[in-house]
Amino acid sequence: FIPPPPSLNLDQAMLTSVFCLCPSGTGWGMRAFHAAVLGCIPVVVQDDGSGTYPSVLQAFEGLLLDWDEFSVRLRFDQLPSLPRLLRALESDEAAMRAKRLALARAATRLLWRVAISKESARAIEGAPDAFDSVMVSLRLRERYGLRGAKLRR
C-alpha cells in the first residue's frame, strides 16, 4: 500500500467533484458508496462479461434502488468514450438535476446511522438508512427474487 500524498484530501476532492470514477475492485461497491454519500455522481465501471445488465449489482440494487437514476454506468469497452459521455451529460441541465435529486434521495439508504456522528444522524432523522434498506431489500428479494424476476412473470 502506498499512502496518498500528504496534501491530498480525497473526501474534499470528491465533495467538490461532479463525477467520481468507481472502477471495479474490492467487489462490493466501496468506491461507488463513497462517491454517492459525498454527493458525487458515481461513474461505475463494472462488466463481468456475462451479458446481463447490470452484470454486478450495487448496494440495494434490484428492487430498492435504481442506480441508473443517480449514477453513470459503463462497460469496459466504453471507457475510450468516457470524457465525451460525461461532457454530454454535464451539459444536459435536466438530466443532471434528475441525477442529483435521485442521489440525494438514495444517499441516506447507504449510510449506517449508528456509524456516523450524532450530528449527521440527526440530519438524516426520519430518512431510511442502510439498516432499513437491508430489511426492505430482504423482504423484497424473498417476495420477488434477486432482480425482480417474479414481478415479470
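Reader: Why is Phe60 called buried?

Author: This is a predicted model, by the way. Phe60 has a relative accessible area of 14%. Buried means under 20%, so Phe60 counts as buried. You'll find Phe60 in the loop between S2 and H3. Phe60 also has a positive phi of about 60°, although it is not a glycine.

Reader: What makes Asp66 partly exposed?

Author: Asp66 comes out at a relative accessible area of 37%. Buried is under 20% and exposed is over 50%, so with 37% Asp66 falls in between and is called partly exposed. Asp66 lies in the loop between S2 and H3. Try finding Ala106 as well: it sits 40 residues from Asp66 along the chain, and their C-alpha atoms are 9.0 Å apart.

Reader: How do you know that strand S2 is largely enclosed by the rest of the structure?

Author: Count the buried residues. S2 covers residues 41–45, and five of the five are buried, so the strand is largely enclosed. Look at both sides, too: Ile41, Val43 and Val45 point one way, Pro42 and Val44 point the other way, and all are buried. In a regular strand the side chains alternate between the two faces of the sheet.

Reader: What makes S1 and S2 a pair of strands?

Author: Pairing takes at least two bridges. Strand S1 (residues 19–23) is joined to S2 by five bridges, so the two count as paired. They run parallel. If you'd like one bridge to look for, Cys22 has Val44 in S2 as its partner.

Reader: And how do you know that S2 pairs with S3?

Author: Use that rule again: at least two bridges are needed. Strand S3 (residues 72–74) and S2 have three bridges, so they pair, in the parallel sense. Here Val45 stands opposite Leu74 in S3.

Reader: Why is the pair of Trp67 and Phe70 called tilted?

Author: The count of aromatic pairs comes to one. That pair is Trp67 and Phe70, with 4.7 Å centre to centre and 45° between the planes. Ring centres have to lie within 6.5 Å; planes under 30 degrees apart would be stacked and over 60 edge-to-face. With 4.7 Å the rings pair, and with 45° they are neither stacked nor edge-to-face, so the pair is tilted. Both Trp67 and Phe70 are buried.

Reader: Why are Trp67 and Phe70 separated by about one helical turn?

Author: They are three residues apart in helix H3 (residues 67–70), so about one helical turn separates them. An α-helix has 3.6 residues a turn, so residues three or four places apart point the same way.

Reader: How do you know that the buried residues of H7 line one face of the helix?

Author: Helix H7 spans residues 130–144 and has 15 residues. Ala130, Ser133 and Ser137 are buried in H7. Down the helix axis, the buried residues fall within an arc of 45°, so they line one face. The face turned away from that buried side carries Leu138, Arg139, Glu142 and Arg143, which are exposed.

Reader: What span is expected for H7, and what does it reach?

Author: At 1.5 Å a residue, 21 Å is expected, and H7 reaches 20 Å from its first C-alpha to its last, which is close.

Reader: How many helices and strands does the protein chain have?

Author: Seven helices and three strands. Starting at the N terminus, the order is α-β-α-β-α-β-α-α-α-α. Of its 153 residues, 32% count as buried.

Conventions: Residues are numbered from 1 along each chain as its sequence is written. This is a predicted model: local features need pLDDT of at least 70, side-chain atom pairs count only at pLDDT 80 or more; totals for chains, interfaces and linings use all residues. Side-chain values use heavy atoms; hydrogens and water are left out. Buried means under 20% relative accessible area, exposed over 50%, partly exposed in between (1.4 Å probe, protein chains only). Helices (H or I, at least four residues) and strands (E, at least two) are DSSP runs, numbered from the N terminus. Rings of Phe, Tyr and Trp (its six-membered ring) pair if their centres lie within 6.5 Å; planes under 30 degrees apart count as stacked, over 60 as edge-to-face and the rest as tilted. The expected span of a helix is 1.5 Å times one less than its number of residues. The arc is that of the directions from the helix axis to the C-beta atoms.
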